[in-house]
Amino acid sequence: SGVLASVLGLAAVVGFAVLLRRHLTARERDAAAVHAQRELLRASLVSIGDGVIVTDLAARVTLLNTVAQTLTGWTADEAAGRPLDEVFRIVNEATRAAVENPALRALREGRIVGLANHSLLIARDDTEWPIDDSAAPIRDRAGALSGAVLVFREIKERKRQEAELRRQGEALREAD
């Protein structure tokens, strides 16, 4: 009976080891899948042709893509953890008054926000960029707010074309 108990004990230990190994293998596989999904999302956000800034719930920068780095003058490492208003400063094009950051509104209101698009982004070196921008809240699986994503683009050329069309329209009206 002592031998039988030893064999059963050994079998139980081997069985436990096999189950533990399967469990650990499944966890590693799941962790790799989650990592791959996160990397795909990060690579997608970084690759977008518009400026993208992602914040946490406290409106601190967690991601800045390449276009956002170019337009704001901040590197991703420098911006990480900083308040969004410090990295993304915008003013009204005509009045130069500060404009409420759309990502802060998205966080506060919990909805997608777009601005009137008469905004200037003031870069870190004081370069001014006319921009279109919008922001959306980021929600977790349970629907709880976890941050915001801000998307913006420089529209200097579009502004130039619009001014040229206005000038041509005025010239035509004067010619009549």
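# Reading the core and its surroundings

Reply: In this predicted model, the largest nonpolar core has 24 residues, and those with the most contacts inside it are Ile-53, Phe-88, Leu-121, Leu-150 and Phe-152. Strand E2 (61-64), helix H2 (66-72), H4, H5, E6 and E7 each supply at least two residues of this core.

Me: What tends to happen to nonpolar side chains, and which residues does Ile-53 contact here?

Reply: In soluble globular proteins, nonpolar side chains tend to be buried together. Ile-53, whose place is in strand E1, counts as buried because its relative accessibility is 0%. Once its neighbours within four places in sequence are left aside, Ile-53 is in contact with Val-61, Leu-63, Leu-64, Ala-68, Thr-72, Leu-84, Phe-88, Ala-148, Val-149, Leu-150 and Phe-152. Leu-121, counted in the same way without its neighbours within four places, has contacts that include Leu-71, Phe-88, Ile-90, Trp-129, Ile-131 and Phe-152.

Me: How many aromatic pairs does the structure hold, and how is a pair of rings described?

Reply: A pair of aromatic rings is described by the distance of the centres and the angle of the planes. The structure holds one aromatic pair. Its rings belong to Phe-88 and Phe-152, with centres 4.8 Å apart and planes at 50 degrees, so the pair is tilted. Because Phe-88 lies in the loop between H4 and E3 while Phe-152 belongs to strand E7, the pair ties together parts that are 64 residues apart in sequence.

Me: Are Phe-88 and Phe-152 buried or exposed?

Reply: Phe-88 is buried, and Phe-152 is buried as well. A further ring to look at is that of Trp-74, since Arg-124 lies over its face at 3.8 Å from the ring centre.

Me: Which strands pair with E1, and is E1 largely enclosed or open?

Reply: E1 and E2 pair in the antiparallel sense over three bridges, and six bridges join E1 to E7, these two strands also running antiparallel. Five of the six residues of E1 are buried, so the strand is largely enclosed by the rest of the structure.

Me: Where do the bridge partners of Thr-55 lie?

Reply: Thr-55, which has its place in strand E1, has Val-61 as its bridge partner in E2 and Ala-148 as its bridge partner in E7. Thr-55 counts as buried because its relative accessibility is 3%. Leaving aside neighbours within four places in sequence, its contacts are Arg-60, Val-61, Thr-62, Leu-84, Leu-107, Ser-146, Gly-147 and Ala-148.

Me: What sign does phi have in most residues other than glycine, and what is the phi of Ala-59?

Reply: Most residues other than glycine have a negative phi. Ala-59 has a positive value, near 65 degrees, and is found in the loop between E1 and E2. The hairpin of E1 and E2 has four residues between the strands, and Ala-59 takes its positive phi there. Ala-59 counts as buried because its relative accessible area is 10%.

Me: What is the phi of Asp-126, and is Asp-126 buried or exposed?

Reply: Asp-126 is not a glycine either, yet it has a positive phi of about 75 degrees, and its place is in the loop between strand E5 (119-122) and E6. Asp-126 counts as exposed because its relative accessibility is 54%.

Me: Which residues of helix H5 are buried, and what covers them?

Reply: Helix H5 takes in residues 102-109, and within this helix Pro-102, Ala-103, Arg-105, Ala-106 and Leu-107 are buried. The cover over the buried residues of H5 includes strand E1 (51-56), helix H4 (84-87), strand E3 (89-92), strand E4 (113-114), strand E6 (128-139) and strand E7 (145-154).

Me: What caps the N-terminal end of H5, and which residue follows this helix?

Reply: Asn-101 caps the N-terminal end, where one of its side-chain oxygens lies 2.8 Å from the backbone nitrogen of Ala-103. H5 is followed by Gly-110, which has a positive phi, near 70 degrees.

Methods
Residues numbered from 1 in each chain as written. Predicted model: local features only at pLDDT ≥ 70, side-chain atom pairs only at ≥ 80, totals over all residues. Heavy atoms only, no water. Buried < 20%, exposed > 50% of the residue type's maximum accessible area, 1.4 Å probe, protein only. Contact = heavy atoms within 4.5 Å. Polar contact = N/O pair within 3.5 Å; in protein donor to acceptor, adjacent residues only side chain to side chain. Phe/Tyr/Trp six-rings, centres within 6.5 Å; stacked < 30°, edge-to-face > 60°. Lys NZ or Arg CZ within 6 Å of the ring centre and 35° of its normal. Core = buried A, V, L, I, M, F, W, Y, C linked by side-chain atoms within 4.5 Å. Pairing = 2+ DSSP bridges.
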